[in-house]
Structure formats: structure tokens, C-alpha cells
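Here is a report for a reader new to this structure. Take a look at the model, then read on.

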Amino acid sequence: MIRRAPAHRRTAAAFPAAGVFSATAALSADGTRIHAEVYGDRAAPAVVLAHGWTCSTRFWAAQIRELARDFRVVVYDQRGHGRTPAAPVGAERLADDLEAVLTAVLAPGEKAVLAGHSMGAMALIAASGRAVFAEHTAAVLLCSTGGSRLVEEARVLPLRRGPLRTRLTGALLASRAPLGPVTPLSRRLLRYATMGSHATPAQIAECARIVHSCPRAARVAWAAVLAGLDLDARVRELRAPAVVMAGTEDRLTPIVHARRLAATLPDCVELVELAGAGHMTPVETPLAVTAGIRELARTHLSGGPVPWERERAA
């Protein structure tokens, strides 16, 4: 089912403070210590959020503040991002790190709703055939992402689709030029490349702070991985119930990717097209993304109304 949804907006700062917080480190397959954070009641059902390229756990601020009221919310920094140290990169590393986080924060056999944005959603896809993923995954939300042809389909440069645009886009995304401090010009460029026409100044500023905080080495290394990524076979292995969500103005992973994923996934529950939103949907459209996670939890996490809903109804 395809649903066209308005891009309801609300800034992260408008949400109430998150609940109990703790930090932990998950040991990945190659020994890299993956920084993870857990918010909310430890007895509550779990949701696990994976951020994208050049971002960090801060990217999920709106979702953490809202969902930690009722869930145990787990977020983690991809390697080279945030508080996770730099280490060898690759699609299998994305899967390794997600697997390590699930093993570290969930009890054996415990199910969670997994949501990923951009490269974070690619981590979910990359891990789809693994036993640990199957053990712990109740349902997934794949947000603003794709499985292959990422540079070829990107529209960050206003050129006709073809080899020239692909070559120039790849060079731009993999550029070693430092991003430098956040300035009015850098905010305008970031908005054009990654956000929709209705993004607010506060949302643009927050995304700029996050992206500019990403170490240059990690940005460049992961750009090379994404340029050659091909997860199409893994998409067909992702058998958990899935919602695909994307902005209609996304230039980095245009809506064609979301439609392709929805057509390929074995159990796509819904494709949600967010009118006017760009690539940074969890920040640009926090209500829609949070609602998508909540609905997956309500439907799939416990086979019916979740415990706190039964208590409130009593």
C-alpha cells in the first residue's frame, strides 16, 4: 500500500526530555567498541534506531524524547561517527555493528522494532540474512534509503541523469574538503542537498551542527562504501514486516529508491511518501517518523496492544 502523507513538522526541542539514560559499548566482530545509549524504562518494549552517513545519535533527538516515554529506546553511533572510534568500513561492518548492538542491549530472544535512516537503514538491510537479526527483529522502518545505485540516482547536482552526473556526484560526495564551521552559506548548501523546501531554520541548523561534527575521514571512507553499495539481494532476504518511508523532495536518495524497496521487500506493509520532505526525514518530519515506529510496535512487537496501552485502558 502506498500512502501520501503530509510532512507534519515539529522541532526536536519541542519534545519533553527523555527518560532514564545509560551508555554502553557493544563489541563488534573486529573488536571495535560501538557506542550505544539506552533511554527509558528498562522493562519497556525496545526500539533500536540506526542513524545515517555523517550523523550521530543526536540525529534521533525528537524520536528519543517522544518514544522514551513508553519504550526502551536504543541508539548507537556508526563507526567513525559520534563516540564510536574510526575503524575499517564496509557493508558487512554495518551488519556486524548492528548485530553487536542487538546482542548487547537485548535479552536472548527479545524482539524489537528496528528503524534506520539512510545508511542506518542500509545496516538493517545488510544484516537481514543473519541469525541475530532474525532473533531480535519484530518489524523494521526503512527511512530515506536505497539498496543500490545510490550515486547514479542522486540528484544533488542539477544535471541530466547520465555518466557525467554520476561521476561528478561521486566526486562531490567523496570530497576530502573540510566542511569547516557552520555558516549561513553552509546551511543553505546543506538545505539544498539534503532537506526539503519546507524545512525550518531550526531543523536546518540542527542538521548542519550534526553533519559538520562528523570527522572528515569517516565521511570520506563511508562515501566510498556507499558509492559501490549493492544490497539488492539482501532486500529480498529481509522478511520482517517493513514500512518504507521517504520524502518526495529527497535529492540524496530520491523516491525511486523507496518505491523500488517497497516493490522488492517480501513483506512491505506500507510505503509512506512524505510530501515536501527531503532526505533528513527524522528531523524534518519527526511526528511522521515517530508515528511510524509506534504503529509498528503496536502491531508487531507484542501481537496486539502493547502493555502500557492495556494499563491506560484499564
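In which strand does Ala112 lie? Ala112 lies in strand β6. The model is a predicted one, and Ala112 is a handy place to start reading it.

## Ala112 and Ala46

Ala112 is buried, and its relative accessible area is 0%. Leaving out residues up to four places away in sequence, Ala112 touches Ala46, Val48, Leu106, His136, Thr137, Ala138, Ala139 and Leu301. One of these partners is Ala139. Ala112 and Ala139 are 27 residues apart along the chain, and their C-alpha atoms are separated by 7.3 Å.

Ala46 is another partner of Ala112. Ala46 sits in strand β4. Its relative accessible area is 0%, so Ala46 counts as buried. In sequence, 66 residues separate Ala46 and Ala112; in space, the C-alpha atoms are 5.0 Å apart. The contacts of Ala46 beyond four places in sequence are Arg72, Leu106, Glu110, Ala112, Val113 and Leu301. Leu106 and Leu301 thus appear in the contacts of Ala46 and in those of Ala112.

## The chain as a whole

The protein chain has 14 helices and nine strands. Of its 314 residues, 56% count as buried. How do the contacts spread along the sequence? Take the contacts between residues at least 6 apart: 78% of them join residues at least 24 apart.

## Two serines with positive phi

Most residues other than glycine have a negative phi. Two serines in this model depart from that pattern. Ser118 has a phi near 55°, a positive value in a residue other than glycine. Ser118 is in the loop between β6 (112–117) and α3 (119–126). With a relative accessible area of 8%, Ser118 is buried.

Ser144 also has a positive phi, about 55°, and is not a glycine. The loop between β7 (137–143) and α5 holds Ser144. Ser144 has 1% relative accessibility and so counts as buried.

## Helix α3

How many residues of α3 are buried? Eight of its eight residues are, so the helix is mostly covered under the cut-off of 20% relative accessible area. The buried residues are Met119, Gly120, Ala121, Met122, Ala123, Leu124, Ile125 and Ala126.

## Aromatic rings

The structure holds two aromatic pairs. Phe21 and Tyr39 make a tilted pair, with 5.0 Å from centre to centre and 40° between the planes. This pair links distant parts of the chain: Phe21 is in strand β2 (residues 21–27), Tyr39 is in strand β3 (residues 33–39), and their positions lie 18 residues apart in the count. Is each ring buried or exposed to some degree? Phe21 is partly exposed, at 41% relative accessible area. Tyr39 has 14% relative accessibility and counts as buried.

Phe59 and Trp60 make an edge-to-face pair, because their planes stand at 80° and their ring centres are 6.2 Å apart. Both Phe59 and Trp60 are buried. A charged side chain also meets a ring: Arg251 lies over the face of Tyr192, 4.0 Å from the ring centre.

## The largest pocket

How much space lies in the largest pocket? About 830 Å³. Its lining has 35 residues, and Trp53, Leu172, Leu173, Ala193 and Thr194 lie nearest the centre. Five elements give two or more residues to this lining: α5 (150–153), α6 (163–173), α7 (184–194), α8 (201–212) and α9 (216–227).

Which element gives the most to the lining? It is α7, with six residues. By class, the lining has 23 nonpolar, eleven polar and one charged residues.

## Thr54

Thr54 is in the loop between β4 (46–50) and α1 (61–67). Its relative accessible area is 5%, so Thr54 is buried. Which residues does Thr54 touch, not counting those up to four places away in sequence? They are His81, Ile210, Val211, Cys214 and Arg219.

Notes:
Residues are numbered from 1 along each chain as its sequence is written. This is a predicted model: local features need pLDDT of at least 70, side-chain atom pairs count only at pLDDT 80 or more; totals for chains, interfaces and linings use all residues. Side-chain values use heavy atoms; hydrogens and water are left out. On a 1 Å grid over the protein atoms alone, a cavity is a set of points where a 1.4 Å probe fits but cannot get out, and a pocket is an open set with protein on both sides within 12 Å along at least five of seven lines; lining residues have an atom within 4 Å of a point. Grid points are joined across faces, edges and corners, and a volume is the space filled by probe spheres set on the points. Helices (H or I, at least four residues) and strands (E, at least two) are DSSP runs, numbered from the N terminus. Ala, Val, Leu, Ile, Met, Phe, Trp, Tyr, Cys and Pro count as nonpolar, Asp, Glu, Lys and Arg as charged, and the others, Gly among them, as polar. Rings of Phe, Tyr and Trp (its six-membered ring) pair if their centres lie within 6.5 Å; planes under 30 degrees apart count as stacked, over 60 as edge-to-face and the rest as tilted. Buried means under 20% relative accessible area, exposed over 50%, partly exposed in between (1.4 Å probe, protein chains only). A charge sits over a ring if NZ of Lys or CZ of Arg is within 6 Å of the ring centre and within 35 degrees of the ring normal. Contact means heavy atoms within 4.5 Å.
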